[in-house]
Amino acid sequence: MDPLENTESPECQRLKKLYFDACEEHGCFHLDPLVDILEGHSPHGTRLILRGNMKMFRKKALTDSDFLAMAMVLRTDTFITRLDLSYNSISDEVCVGLGEAIAKNKTLKQLNLSMCDLSVDGCFAICKGLEFNYAITHVNMSGNSFGRDGSVELAATLQLNNTITHLYLSSTHQTAQSVIPVCTVVSCNGTGIQHLDLSRTIPPSDPEVLGEHVNRLLVLCNTLTSLRLAKCDLTDVCVKIIAPALVQNVTLTSLDLSCNKISSDGAKTLAEVLRANQTLLELKMCSNRIEDEGTVALGLVLSSGNDTLKKLWITNNSVTGRGLSSLANALQFNMTLSHVYIWGNALDNMACNAFSHLLMGETPRLRSSNVDIKPYVVDGVNYLAEQGRHGFSH
């Protein structure tokens, strides 16, 4: 059967013909997921998902020809709203083709190029396309090693493009110095950035440098609602540097400080921030070392000084029953905090009793779907088991 038969829309027919001609020109077979979208049969709706780790690509990875043929369609496509090419190996030549397509495309909203081995030149090509695009809101470049030069080019792009609201730059070989251009541009209120991921920034010899830039970012940017700073080697001193900005900021609702070097002193500083801050809804502090003292400080504030925080992660923080029971006690007075994640700490008898009480009974304080633990009883003794994915969405 002719692949162009039975199409209902003239636009669909035009794009399919363009795509099949491009495949013939580049000597590649057509990709079923793309054809399904053009025909309106895709199980993913208008999302084109071509992740390199998908089962269909395990035996034969996507080639430059596949990507270039697809890019020809993207130039004038009016169907695709999300493009996910993560976990592929994308060459500079493909990046040039994608950049040209992005510059002309008017319907694409989300672009995922994470873990694609993008070079500096490849990053430049994508950025050039984004400079002329006024539709894309989500850009994920995480896991590519374009470093400082790529960061500078992205900063220049953000000066010209105020449509991007979500920018992911985790694990892109940034240093505290190389993120300065991005932080500086985002600090300008005209960018519109709402979500910024700077996780896995390479720690400088002076770790407080990053804290100073983050402080400025939080003070000046009035659009930022989510900030990720996981695995940045942030210390208690860094937390003290950004604390005043967290108090002053009135837009940030989610802060991720996981996998840093924050101890009980840093947790105490954050507890005082929560006492004054009335906008933060989510605080992630997984895999630090806040211990009992830090958890007790958080519990005291949550019991009487903060009624806005809804989600708290303190997994793997060397906390024992004393700290965890203090947090559990705070939940008896705080009716706002609804999601709590504590697995990976010392769940001794005191902790098990405290959280079992919150999760069991006719009217449990916490929903089982909002925690990463599950209570059970053996011979009249309370225990806690791990459950779920610790509340992480990705």
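Which residue in S13 does Lys374 stand opposite? The legends below work through a predicted model, and the second view holds the answer.

**View 1. An open sheet built from 11 strands.** Here the strands follow one another in the order S1-S2-S3-S4-S5-S6-S7-S8-S9-S10-S11, with parallel pairing. At the borders sit strand S1 (47-49) and strand S11 (339-341), the edge strands, each of which pairs on one side only. Going from one strand to the next, the twist averages 0°. Zoom in on the S11 border and you find strand S10 (residues 311-313), which pairs with S11 in the parallel sense over 3 bridges. Trp313 takes part in this pairing, and its bridge partner in S11 is Tyr341.

**View 2. The hairpin of S12 and S13.** Strand S12 covers residues 373-378, and 6 bridges join S12 to strand S13 (residues 381-386). These two strands run antiparallel, whereas the pairing in the open sheet is parallel. Back to the opening question: Lys374 stands opposite Ala385 in S13. The hairpin leaves 2 residues between its strands. In the turn, have a look at Asp379, which has a positive phi of about 55°.

**View 3. A nonpolar patch on the surface.** Tyr376, Val378 and Tyr383 make up this patch, and together they offer about 260 Å² of accessible area. Tyr376 comes from strand S12. With a relative accessible area of 38%, Tyr376 counts as partly exposed. Tyr383 is partly exposed as well, at 34%.

**View 4. Tyr19 and Phe20, a tilted pair.** The model has 3 aromatic pairs, and one of them is formed by Tyr19 and Phe20. Their ring centres are 6.1 Å apart, with 40° between the planes, and the pair is tilted. Are these two residues buried or exposed? Tyr19 is buried, and Phe20 is buried too.

**View 5. Tyr376 and Tyr383, a stacked pair.** Now we return to two members of the surface patch, Tyr376 and Tyr383, this time for their rings. Why does this pair count as stacked? The ring centres of Tyr376 and Tyr383 lie 5.5 Å apart and the planes are at 20°, so the pair is stacked; the cut-off for stacking is planes under 30 degrees apart. Unlike the buried Tyr19 and Phe20, Tyr376 is partly exposed, and so is Tyr383.

Methods
Residues numbered from 1 in each chain as written. Predicted model: local features only at pLDDT ≥ 70, side-chain atom pairs only at ≥ 80, totals over all residues. Heavy atoms only, no water. Pairing = 2+ DSSP bridges. Helix = DSSP H or I, 4+ residues; strand = E, 2+ residues; numbered from the N terminus. Axes fitted to C-alpha atoms, helices over the stretch in contact; angles between N-to-C directions. Patch = residues over 30% accessible without salt bridge, like charges linked within 9 Å, V, L, I, M, F, W, Y side chains within 5 Å. Areas by Shrake-Rupley, 256 points an atom, 1.4 Å probe, with all protein chains shown as cover. Salt bridge = Lys/Arg side-chain N within 4 Å of Asp/Glu carboxyl O. Buried < 20%, exposed > 50% of the residue type's maximum accessible area, 1.4 Å probe, protein only. Phe/Tyr/Trp six-rings, centres within 6.5 Å; stacked < 30°, edge-to-face > 60°.
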